[in-house]
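I opened my notebook to look through one protein model, piece by piece. Here is the structure I worked from.

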Amino acid sequence: MSKLKIAIQKSGRLSEKSLELLKECGIKLSNGDRKLKTTAFNFPLEVLFLRDDDIPQYVEQGVADIGILGENEVLEKDKQVKVIEKLGFAGCKLSLAIPKDEYYNGLTYFNQKKVATSYPKILDRFFKSQNLNVEIETIGGSVEIAPGIGLADGIFDIVSTGSTLLMNGLKEVEVVTESEAVLISNPILAAEKNAVLEKLLFRIRAVRNAAENKYILLNAPNESVAAISAILPGMKSPTILPLAQPGWSSIHSVVKEDQFWDIIDQLKSKGAQGILVVPIEKMIL
Ligand code: PRT
Ligand code: ZN
């Protein structure tokens with residue numbers, strides 16, 4: 001079977017999570033420190049370690065077939081690549097920020113002003129869509145210091161916790177777009193490689209579904225089973241098993257991790273006891 005080539009970030013915020021995802025997909029990589037590339041020994045995959053900025057170009061050219069990187073880089077590089085799956089990590093915003101004491105009266109604030117960024121294409125498209133005339137100053141890094149040194153009136157950059165803005169006396173005034181790590185692909189893959197990609201995607205989805213869901217087990221008096229089942233729809237419907245103690249049942253189901261805390265009180269008020277919530281390792285829908 002021909003090998004699928006995946007490009008991931010060599011070192012940076014996406015590296016560990018990208019490798020972890022492959023590992024959770026059961027893909028074992030040959031040991032050895034990350035050089036330029038490595039091969040999986042139980043899956044037809046070759047891993048190339050690159051700078052994230054270069055990944056869209058390499059995937060467009062077919063040097064790599066697929067890649068993992070931030071959506072922000074995909075949007076900025078504007079190459080012929082297909083986003084095939086959102087991966088749920090490295091979430092961030094791309095925002096406009098200005099000095100914190102400035103009065104902000106809406107987007108027209110930026111008209112005839114100068115904004116520093118490392119994402120000039122995304123920003124240019126945004127200002128054009130808003131019919132604003134803004135000078136864009138492209139810089140490679142440390143964008144947040146630009147207003148302080150008189151290089152620009154505002155900045156457009158990645159914001160995560162907001163502490164970088166705070167430390168530099170800036171405030172976020174507009175979120176232009178959001179980003180997370182995504183899987184991209186060359187738009188034209190040979191059939192064999194596409195088959196490997198489908199296998200990989202199947203595994204990625206199983207891992208992601210599992211991460212978002214928990215297995216829940218609880219005991220309830222038989223008269224509450226219907227009400228509790230209505231709160232816990234499960235994958236198809238909950239499993240209900242009789243307990244050894246007459247009049248009681250055990251209910252098993254799957255809940256979204258982020259919904260669990262919202263429904264816990266409802267479950268208790270309906271008589272649920274002995275509630276266990278356990279992680280799911282893989283989940284195939
Ligand atoms: O060397 P290479 O070119 O491969 O890496 P890089 O330095 O270009 O990228 P890296 O590793 O810093 O980030 C990779 C990707 O992580 C980005 O393209 C984003 O998709 C994503 N990501 C998620 C972030 C952040 N969160 C983030 N907070 N990338 C950068 N930041 C920086 C941001 O630039 C700003 O300086 O963190 C600062 C803001 O963070 P807060 O928490 O202070 O708001
Ligand atoms: Zn980069």
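My entries below go from domains to cores, strands, rings and single residues.

**Entry 1: domains.** I note at the start that this is a predicted model. I looked up the domain assignment of the chain. It gives domain 1 as 4–88 + 181–189, domain 2 as 92–179 and domain 3 as 213–279. Domain 1 is written in two pieces of the chain. I then looked up how far apart the C-alpha centres of domain 1 and domain 3 lie. The value is 40 Å.

**Entry 2: the largest nonpolar core.** I recalled a general point before looking. In soluble globular proteins, nonpolar side chains tend to be buried together. Here the largest nonpolar core has 38 residues. Which of them touch the most other members? They are Ile 6, Leu 45 and Leu 183. I then listed the elements that each supply at least two residues of this core. The strands are E1 (4–9), E3 (45–50), E4 (66–70) and E11 (181–185). The helices are H1 (15–24), H2 (55–61) and H6 (191–212). H6 gives the most, with six residues.

I followed Leu 183 further, leaving out residues up to four places away in sequence. Its contacts include Ile 6, Ile 66, Ile 68, Val 83 and Ile 84. Leu 197, Leu 201 and Ile 204 are also among them. Lys 82 and Glu 85 touch Leu 183 too.

Another core lies apart from this one. It has 18 residues, among them Leu 94, Tyr 119, Ile 122 and Val 176.

**Entry 3: Glu 73.** I found Glu 73 in helix H3, residues 71–77. Is Glu 73 buried or exposed? Its relative accessible area is 5%, so Glu 73 is buried, since the limit for that word is under 20%. I also looked up its contacts, again without residues up to four places away in sequence. Glu 73 touches Asp 52, Asp 53, Pro 56 and Tyr 119.

**Entry 4: two parallel strands.** I turned to strand E7 (residues 114–117) and strand E8 (residues 135–138). They run parallel, and four bridges join them. One partner I wrote down: Val 115 is bridged to Ile 136 in E8. How does the chain cross from E7 to E8? The path goes through helix H4 (residues 120–129). This β-α-β crossover is right-handed.

**Entry 5: aromatic rings.** I counted six aromatic pairs. One of them is Tyr 104 with Tyr 109. Their ring centres are 5.6 Å apart and their planes stand at 55°, so the pair is tilted. Tyr 104 counts as buried because its relative accessibility is 18%. Tyr 109 counts as buried as well, at 7%. Which residues form one aromatic cluster with these two? They are Phe 110, Phe 126 and Phe 127.

**Entry 6: positive phi.** I looked for positive phi in residues other than glycine. Gln 112 has a phi of about 65°. Gln 112 sits in the loop between strand E6 (92–99) and E7. Its relative accessibility is 63%, so Gln 112 counts as exposed.

Asn 131 has a positive phi too, near 55°. Where is Asn 131 placed? I found Asn 131 in the loop between H4 and E8. Asn 131 counts as exposed because its relative accessibility is 70%.

Technical notes. Residues are numbered from 1 along each chain as its sequence is written. Chains are lettered from A and ligands numbered from 1 in the order in which they are written. This is a predicted model: local features need pLDDT of at least 70, side-chain atom pairs count only at pLDDT 80 or more; totals for chains, interfaces and linings use all residues. Side-chain values use heavy atoms; hydrogens and water are left out. Buried means under 20% relative accessible area, exposed over 50%, partly exposed in between (1.4 Å probe, protein chains only). Contact means heavy atoms within 4.5 Å. A nonpolar core is a set of buried Ala, Val, Leu, Ile, Met, Phe, Trp, Tyr and Cys residues joined through side-chain atoms within 4.5 Å. Two strands pair if DSSP finds at least two bridges between them. A crossover is right-handed if, with the strands pointing away from the viewer, the path from the first strand over the helix to the second runs clockwise. Domain bounds come from an automatic or database domain assignment. Rings of Phe, Tyr and Trp (its six-membered ring) pair if their centres lie within 6.5 Å; planes under 30 degrees apart count as stacked, over 60 as edge-to-face and the rest as tilted.
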